[in-house]
Amino acid sequence: MSDHEPEYSGRRKFIRVATLGASAACGIFPLASGLPALLDPIKKEGKKGDDRWSKVASLASLPNDGAPVKFEVIQEKVVDAWTTYKDVPVGAVYLTRKANDVVAFNLKCPHLGCVIDYRKQSNDYCCPCHNSSFGLDGSITTQNSPSPRPMDTMETKVEDGFVWIRFQHFRPNIPEKIPLT
Amino acid sequence: MKFIFDWLDDRSGYRNLLHEVLYEKVPGGARWRYVWGSCLTFAFFTQVVTGTLLWMFYSPSAQTAWESVYFLQYQVWGGWFLRGVHHYMAQAMIVLLVLHLMQVVIDGAYRAPRELNFWFGALMMGVTLALSLTGYLLPWDQKGYWATAVATNLMAEVPWVGPALQKVVVGGVEYGHHTLTRFFALHAGVLPAMLVGLVVVHIYLFRKHGIHVKEPRPKKDSYFWPDQILKDAIACLAILLAVVGLTLYFRGAPLGPPADPANEFPARPEWYFLFLFQLLKYVPAFWGAVIIPAFLGLWIFMQPFIGTTKSGHQLNIGFWWSLIAGSVALTLMAFSEDRENLRHTAAIEEANWQAERVLSIVDEQGIPPAGAVTLLRNDRENRARNLFASHCSSCHRYNGHDGRGYPVDDVQSAPELAGFASVDWVTRLLTHKHYVSEEYFGGTAFKNGTMARKVLAKYTPEETDLLPQIARLLSDQADLPYQEALDDEEHEELMALFYNDDADFQDGLACIDCHDIDSEGDGYAPDLTGYGSNEWTVAFIQNPEDARFYGEDNDRMPCYAKDAKLSDEEIQILSDWIRSKPAE
């Protein structure tokens, strides 16, 4: 008996290890087969560059006194997973005019993405969710502001009397302005 | 670590449960014949996990189902693999079901006291088949669409409630959004939940009665862990490898062209339902939908009672073997008949062409909100092939078929048009034996016309050798996208031949004596100015009876624009397509 014991034990051990191994492989396989697909969004990056310029409004439609006006941003081509849309609104901006320059603010609060309102009475911006408020230049005006940074501006240009912007969203709730890709 | 497990065990008693699960006695030792139940559980587990992952990508509507599956298959990292595993594991499940069933039948494990478990097993088989049927439609491609149409029409055969049942399952009279939402709810919700419930009861009953031992017992008793589990795991690994192998070999599951009720497709179910499909060629649909399932249900119910005697058991085994043999024979017959059916083969090739075509259009244009099917419907090449098949192919041919690859039953009575106006095509046209053959004008009055009898038939071998030169000149008029144009010098030389300036054609007759080529209005035969060009081809299709073409000599060629048979746009599409590529 004692002569056979080690061999027997070794065989039993091998069977146990092999069974555990094979069972683990079978158990992990279904999830593993879909893991790349599941993680696909991390691998994919959004579009970058000048292809995202959108024509938003005519310069003449902006008041000279710098009062902000809200406009939809319509992009010529938007690809949402499998569907390609043409000329669809992708968001909105406040535009304010300074002589022949235009400043564009994203409507989304840099805090957690609620939509910022313009308050005509106090002539400033306010986020109705957590009460962050911003001056007309987008700067933070609340003490202990929930928003960690001023309102997000975007690149603008004026061509042939029309205002173009490079519409972008940014990572919320951090002091730095980092575009989402 | 031990403290945590002890804490957990104190509160859950998991060690006892685990012991109960793993240390089930296996009388006569572990055997390969017991692996099928575990394999089926593994397959179902794989389907639940991969199905849940697929759920994250799938969108059930008539405009998004195919599109979301396309996106997963071609745009998502490893999406094709995930889909392939789900697809081939579903097929493996069917094979495993049959193996498990036959093991139970042969071993007599359906007999008392295990009748109830046998019936539950049969119910699980039905649910699994329903899962296959509902899953087949979800990609919303031609194959799934048309096959499901047949399956749901069978439902209407059920007495009294059939039509209402069909409406409930389809979500209305027509197939559309609600068909998909309902099939998806069944496939991903109702049926898997039922199967989970049935598996629990099945395993409970299995444990209650223990393994039915096939005598003689080969070894002494052992336990489920690790001996039987090792065998089970090895069998599961083999299935896993087979599924991965199939997925890699076929590069995932197939995806046909998007479903289109206006685009016919030969409806065929998946291979495991082919026997039923074939059977319906010989028996009324009522048999397939009601009599056969009812008979099977009754037999399954009676089987434990029939099998109480040795002869009854043998009868049960014979019944299932006969059923399997009959199904295999019917399946082989279905495959063989399809392989020999030229129209079916052509339909499959056409569907493959459409599937590739829609992918290339999607790459170019993306998918509009109206769905990918609109890309195919609006695709000029696809429209041209269909227009040719509908309006031209009863007389003409394109590479010997109807433009889409289907053989044509009617006798060819007008020219083959693949490579129309190319140098090769015109060269053959000008050769007497081809001119009077079915390939060109053999089926028309022109077979005995002046050109055939008095011109082409009378050329000497030396003159016949000059005809390819004339063909080059004529073909140059067509300005075909795949041919190089003549240079000016060559053109001049060939025009001289057309005019027979050097009396190369010995009878003194020149082409120009009958055919105009430079818009000067000479000749009574068809005007060859701009022959085969877009303008010439469109004008010819519009009205071949125009004095510029056949005039009163026109032989049955319809005046498509004059008689409003085709719109100007459709004629332009046909002209573009006919002139777009050389013959195969």
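This passage walks through a predicted model with chains A and B, starting with the helices of chain B.

Let's begin with helix α9 of chain B, which runs from residue 177 to residue 209 and so counts 33 residues. From its first C-alpha to its last, α9(B) reaches 46 Å, close to the 48 Å expected at 1.5 Å a residue. Even so close to the expected span, α9(B) does bend, by about 40° at Leu186(B). Just after the helix comes Gly210(B), and its phi is positive, near 75°.

Which residues of α9(B) are buried? Early in the list come Thr179(B), Leu180(B), Phe183(B) and Phe184(B). The list carries on with His187(B), Ala188(B), Leu191(B), Leu195(B) and His202(B). The numbering makes more sense with a bit of helix geometry: an α-helix has 3.6 residues a turn, so residues three or four places apart point the same way. As for what lies on the other side, the buried residues of α9(B) pack against four helices of chain B, namely α3 (35–55), α4 (65–75), α6 (115–137) and α8 (162–170).

Helix α10 of chain B, residues 224–249, has 26 residues. Its reach from first C-alpha to last is 35 Å, close to the 38 Å expected at 1.5 Å a residue. α10(B) has a kink too, of about 30° and centred on Leu230(B). Pro226(B) also lies in this helix, and the peptide bond joining Trp225(B) to Pro226(B) is cis, with omega about -5°. After α10(B) comes Arg251(B), with a positive phi near 50°.

Chain B has another cis peptide bond to look at, from Ala112(B) to Pro113(B), with omega near 10°. Pro113(B) sits in the loop between α5 and α6 of chain B.

Next, how do the two chains meet? Across the interface, 30 residues of chain B are in contact with 24 residues of chain A. On the chain B side, α3, α4, α5 (79–107) and α10 each supply at least two residues. Which helix gives the most to this side? That would be α10(B), with 8 residues. Sorted by class, the side of chain B that touches chain A has 23 nonpolar, 6 polar and 1 charged residues.

Over in chain A, there are two domains: domain 1 covers 5–42 and domain 2 covers 50–166. Their C-alpha centres lie 54 Å apart.

Strand β10 of chain A (residues 162–166) is a good place to see strand pairing. It pairs with strand β1 (residues 53–58) in the antiparallel sense over 5 bridges, and Phe162(A) in β10(A) is the bridge partner of Ser58(A). Strand β9 (residues 156–159) also pairs with β10(A), again antiparallel, over 4 bridges. Here Val158(A) stands opposite Val163(A). β9(A) and β10(A) form a hairpin with 2 residues between them, and Asp160(A) in the turn has a positive phi of about 50°. What about the two faces of β10(A)? Val163(A) and Ile165(A) make up the covered face, while Phe162(A), Trp164(A) and Arg166(A) are on the uncovered one.

Chain A also has an open sheet of 3 strands, in the order β5-β6-β7, with antiparallel pairing. The edge strands are β5 (117–119) and β7 (133–134), each of which pairs on one side only. Between β5(A) and strand β6 (residues 124–126) there are 3 bridges, and Asp117(A) stands opposite Cys126(A) in β6(A).

Finally, here are two more backbone details. Asp87(A), in strand β3 (residues 83–98) of chain A, has a phi near 50°, which is a positive value in a residue other than glycine. Is Asp87(A) buried or exposed? Asp87(A) counts as exposed because 9 other C-beta atoms lie within 10 Å, and the cut-off for exposed is 12 or fewer. Ala421(B) also has a positive phi, near 70°, and is a residue other than glycine. Ala421(B) is found in the loop between α16 (380–392) and α17 (423–429) of chain B. With 24 other C-beta atoms within 10 Å, Ala421(B) is buried, since the cut-off for that is 20 or more.

Methods:
Residues numbered from 1 in each chain as written. Chains lettered and ligands numbered in written order. Predicted model: local features only at pLDDT ≥ 70, side-chain atom pairs only at ≥ 80, totals over all residues. Expected span 1.5 Å × (residues − 1). Bend = angle between axes of the 7 residues up to and from the residue. Contact = placed C-beta atoms within 7 Å. Domains from an automatic or database assignment. Pairing = 2+ DSSP bridges. Nonpolar A, V, L, I, M, F, W, Y, C, P; charged D, E, K, R; others polar.
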